Amino acid sequence: MKLQFNLEKTDSKTKARLGTITYNGKTYKTPMFMPVGTNATVKTLAPEELKAMNSGIILANTYHLWLRPGEDIVAKAGGLHKFMNYDGPILTDSGGFQVFSLANPKDITEEGVTFKSHLNGDKLFLTPEKSIAIQNKLNSDIAMSFDECPPATADHEYLKQSIERTIRWAERGKKVHNNPNQMLFGIVQGGPHYDLRKYSAEETVKLDFDGYSIGGVANDHESKEDMYKAFSYSTEFLPEEKLRYAMGIGEPIDIIEGVIRGIDLFDCVSPTRLARHGHAHTMNGNINVKNQKYKEMFEPIEKDCDCYACKHYTLAYIRHLIVAKETFGARLLSIHNINFLYRLMTEIRENIEKGTLEEYRDQFKMRFYGENK
RNA sequence: GCGGAAUUGGUGAAGUGGUUAACACGGUAGAUUGUGGCUCUAUUAUGCGUGGGUUCGACUCCCACAUUUCGCC
C-alpha cells in the first residue's frame, strides 16, 4: 500500500499548496509537520498519544536503526510499523545528515562515506546502495536518497562538486531500490545559490523520484534569508504533482515561509528537544518553563490549547517536573509542542484556503516574535 | 573544668601577607532546525565566625570572644 499524494489547490497569491496524503485507508492533509522519532520512537511518546493528536507522518532514522538494533531485526519484527506499533505513515532519513556530522570531508569518496560510530567509535562505511537497502528492509513508506549535506556556507565550487556526486548517488540508490510499497525521494542541495539549486533540482527531477526534498538548510548558522532563498530556488524547478519536503525545518516562522514558497512537508527535532530542555511553544512565542516566574503559575501553558498537557496540568507542575528531571515533564511538553505545530499547520491550511496566508504570516510574526524581532 | 583542631557563597571546598577569592555542584538566564535525552554560553561571595590589633597592605600574623568538633578528668 504505497502512500498517495494529491495536490488539491495552489494559492493564487503565493506558491502555497493544499493537498492530501492517502495511506492505509486514511487521509491526511498537507502542508504537514512530521515529528522525529530517530530510534523508532518519538522520544517519550507512545504512538497512541501521537494518534490522539491526529498525527500524520513521523520520522525514523536509517543510521540509528542500522547501528541499533539493526535493520534485520526490524525486518524480522515485520517492519517498522509493526516493530514500533505505528500504523500511520513513516518516513526514514537516509543517514546522510548524521554521517556528515560525524565524518570529515576527506572521508567522503565517490563510493561512499567512512565515519566513526557515535556509539562505540567503530569505523563504518555507508554507501547509497547500503542506505537504500537498509530503508527497504525497515519498510518505511517514504525513503530518502543518500546525499551529502554540506553546510550552506560552503563555497560555490565545493557545493557544485558535492551536488554532482549527490546526483550520482541518487541514481545509484534509485537503481537498487526494490520496495514497491515505498516511495523514494531525491534531495535538492545547493546552499543559497540560484544556479546550484536550479541545477540540482533539474538533474534530480530527471531521475524521476516520487517526491523531492530540500536539504542543506538550517544546518550552519545560515541566515533566514538564505534559507528562504534555498526554498524558493528549489521549488521553482520541482514538478507540481509531487511532494516537496524541507528537511529539518521546524521553527514556526520558517515553516510558514516554507509553505509560502511551495513546500508540503516539514520535520524537526525541535518540539521534542525543546521539550526535554524545558521550553514550550506558545502562540506568543517560546517560553522557558524552568523560569522562576512559573513557579506558582497554576494555569495551563496556553489557556486555549486543547492538548492533554494543557487540559490536565499547570505550568507550576510541569516546571516542577522539568526541574526535578522527571521524564513526565518532557513528555507533557513534547505533547504540547507537537500539538502546537499541528495547530499551526491547521491554521496555515485554513489561511491557504481563505487566501490570507501572507496576512497570517505577518500577524503570526508579530504575535510570536514581538514587534522588535 | 583542662588541652588540641576547626570556622571561606545555597553546598563541597582551594587559597598561608601583595592587584578583580580557584574549581566543582547547585541557582539564575540564554542557545538548541534531516536528535548522541548529550551539550554549550553567560552569570552567581563589595566578602572569608564576631570584635580589636600588627602592617604600606590581612582570608592569611597576634589577642579576646562565639560556635563546632576531638581527647582527657
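A residue is buried if 20 or more other C-beta atoms, placed from the backbone, lie within 10 Å of its own. This is a predicted model, in which local features need pLDDT of at least 70, side-chain atom pairs count only at pLDDT 80 or more, and totals for chains, interfaces and linings use all residues. Residues are numbered from 1 along each chain as its sequence is written, and chains are lettered from A and ligands numbered from 1 in the order in which they are written.

**Helix 13**
- In helix 13 (residues 315–323; helices are DSSP runs of H or I, at least four residues, and strands of E, at least two, numbered from the N terminus), the buried residues are Leu315, Ile318, Arg319 and Ile322.
- They lie on the same side of helix 13 because they cover an arc of only 105 degrees around the axis, taken from the directions from the helix axis to the C-beta atoms.
- Lysine 325, which follows helix 13, has a positive phi near 60 degrees.

**Nonpolar core**
- The largest nonpolar core (buried Ala, Val, Leu, Ile, Met, Phe, Trp, Tyr and Cys residues joined through C-beta atoms within 7 Å) has 94 residues, and Met34 and Phe185 are among those that touch the most other members.
- Helix 14 (residues 327–354) gives the most to this core, with 12 residues.

**RNA strand B**
- Around RNA strand B there are 44 residues, and Cys149, Ala218, Gly248, Val269 and Thr272 come nearest; a residue counts as near if its C-beta atom, placed from the backbone, lies within 6 Å.
- Helix 11 gives the most to this surface, with five residues.

How values were computed: Buried ≥ 20, exposed ≤ 12 C-beta atoms within 10 Å, placed from the backbone.
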